[in-house]
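The following report describes a single protein chain for a reader working at the bench. Its topics are the interior, selected residues, the backbone and the confidence of the model.

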Amino acid sequence: MSSPTQPTLRRWATASIVVNIAIVVTGGAVRLTDSGLGCPTWPRCTTDSLVPTARLDYHSAIEFGNRMLTYVLTAVAVGTLIAAYRARPMRRDVRRLALWLFIGIPAQAVLGGITVLTDLNPWVVMLHLLISMDLIALATLLRKRLDEGDGPPVALVGPGERRLAVGVLGLTGAVMYLGTIVTGSGPHAGDAQARRTGLDPRLLSLVHGWLVALIVAGTVALWLRTSSLIRRTVALVLAVQVVQGLLGWVQYATGLPRIVVGLHMLGAGLLVVVTVRMVLSLRARPVVESASPSASPSSGV
């Protein structure tokens with residue numbers, strides 16, 4: 001069989017981004033509909049059945065559907081990994097990223113099981129979501145690397161702009177973490193009986209909001225300092241940040257309606273994608289001609 005073309009590998013990488021965001025959204029649906037314990041045990045749905053039984057309700061169907069999406073995620077991760085290992089010329093960094101994406105799936109499945117077995121412990125739920133965000137970032141990095149060569153990175157901006165962009169990325173990670181803590185202290189626990197963190201959700205929401213404002217200010221400063229070509233990418237990040245900020249304000253002001261919270265979770269996944277791509281767009285990596293068609297000299301990202 002012939003090795004896959006670069007467009008094929010790009011499609012797998014894009015699919016990896018999409019399904020990892022989808023698992024975040026469906027996981028949010030599980031929590032927002034109080035279906036977190038619709039299947040009260042793991043890996044089975046009940047103690048004597050792998051699937052929901054007739055005596056269970058729609059909560060079981062929602063939770064089980066989210067579990068089934070893991071198989072789609074696994075199929076995409078396997079497809080990406082196989083395509084990365086069959087692609088020529090061979091690229092070690094691409095293979096490594098595909099491997100980490102594959103490893104992340106069973107790790108997430110086990111953590112999801114722990115979430116159920118601990119009756120939706122909020123701190124475990126937080127970790128479950130954050131790992132999904134990490135996988136989205138990895139998939140985005142893989143997709144970006146497929147559009148680049150393996151030469152040494154060439155900076156397209158000065159060190160000040162680079163530090164500012166990395167700072168925005170770091171603050172975005174902090175906002176994601178704090179957002180999970182806000183959620184863990186709020187009303188949408190995933191089950192009516194699930195315990196909360198006991199922290200003050202109002203105070204956490206205010207701190208979360210100030211951090212978002214700081215990120216937006218940093219992104220505006222970056223937009224003002226970069227060239228017109230890179231400004232397009234920065235502007236996209238800024239647009240997603242603004243929409244996310246508005247959704248956050250609306251959900252806070254209107255008592256956390258489920259649909260707005262769900263859209264906010266979708267926006268979080270998209271924000272990871274555009275922010276990672278923004279940081280990567282600040283440098284270029286040229287194609288390096290190699291004497292061997294089957295090996296690439298690059299080992300970094």
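## Interior packing

The largest nonpolar core has 49 residues, of which Leu9, Met133, Ile136, Met176 and Met278 touch the most other members. A nonpolar core is a set of buried Ala, Val, Leu, Ile, Met, Phe, Trp, Tyr and Cys residues joined through side-chain atoms within 4.5 Å. Two or more residues of this core come from each of the elements α1 (6–32), α2, α3 (92–117), α4 (122–145), α5, α6 (201–225), α7 (228–253) and α8. The most is given by α8, with ten residues. A second, separate core has five residues, including Met126, Leu178, Ile181 and Val182.

This is a predicted model, in which local features need pLDDT of at least 70 and side-chain atom pairs count only at pLDDT 80 or more, while totals for chains, interfaces and linings use all residues. Residues are numbered from 1 along each chain as its sequence is written, and side-chain values use heavy atoms, with hydrogens and water left out.

## Overall architecture

The secondary structure of the protein chain consists of eight helices and two strands, in the order α-α-α-α-β-α-α-α-α-β along the sequence. Helices (H or I, at least four residues) and strands (E, at least two) are DSSP runs, numbered from the N terminus. Of the 301 residues in the protein chain, 45% count as buried. Here, buried means under 20% relative accessible area, exposed over 50%, and partly exposed in between (1.4 Å probe, protein chains only). Among contacts with a separation of 6 or more, 79% are between residues 24 or more positions apart; a contact means heavy atoms within 4.5 Å.

## Leucine 9 and the largest cavity

Leucine 9, one of the core residues named above, touches Thr80, Ala83, Ala84, Ala87, Val94 and Leu146, not counting residues up to four places away in sequence. Leu9 also lines the largest cavity, together with Gln6, Ala84, Ala87, Pro89, Arg91, Val94 and Leu146. This cavity holds about 40 Å³ of space, and the structure has two cavities of 30 Å³ or more. A cavity is a set of points, on a 1 Å grid over the protein atoms alone, where a 1.4 Å probe fits but cannot get out; lining residues have an atom within 4 Å of a point. Grid points are joined across faces, edges and corners, and a volume is the space filled by probe spheres set on the points.

## Selected helix residues

The table lists four residues with their helices and relative accessible areas.

| Residue | Helix | Relative accessible area |
|---|---|---|
| Arginine 92 | α3 | 40%, partly exposed |
| Serine 132 | α4 | 6%, buried |
| Threonine 180 | α5 | 5%, buried |
| Histidine 208 | α6 | 17%, buried |

Leaving aside neighbours within four places in sequence, threonine 180 is in contact with Met126, Leu129 and Leu130. The side chain of threonine 180 also reaches the backbone oxygen of tyrosine 177 at 2.5 Å. Such a polar contact is a pair of N or O atoms within 3.5 Å; within protein, one must be able to donate a hydrogen and the other to accept it, and residues adjacent in sequence count only if both atoms are side-chain atoms.

Histidine 208 touches Val175, Leu178, Gly179 and Val182, again without residues up to four places away in sequence. Its side chain reaches the backbone oxygen of valine 175 at 3.5 Å. The C-alpha atoms of histidine 208 and glycine 248 are separated by 9.5 Å, although these residues are 40 apart along the chain.

Under the exclusion of residues up to four places away in sequence, serine 132 touches Ile23, Val24 and Gln108. Arginine 92 lies 10.0 Å from aspartate 150, C-alpha to C-alpha, at 58 residues apart in sequence.

## Backbone geometry

Most residues other than glycine have a negative phi, and most peptide bonds are trans. The peptide bond from arginine 88 to proline 89 is cis, with omega near 5°; proline 89 lies in the loop between α2 and α3. Leucine 256, in the loop between α7 and α8, has a positive phi near 60°. Leucine 256 is partly exposed, with a relative accessible area of 26%.

## Confidence

The pLDDT, the predictor's confidence in each residue from 0 to 100, averages 84 over the protein chain, and 89% of the residues score at least 70. Among the elements, helix α2 (residues 58–86) has the lowest mean pLDDT (87) and helix α8 (residues 258–280) the highest (93). Over residues 291–297 pLDDT stays under 50, and the model has twelve contacts beyond four places in sequence for these residues.

How values were computed
On a 1 Å grid over the protein atoms alone, a cavity is a set of points where a 1.4 Å probe fits but cannot get out, and a pocket is an open set with protein on both sides within 12 Å along at least five of seven lines; lining residues have an atom within 4 Å of a point.
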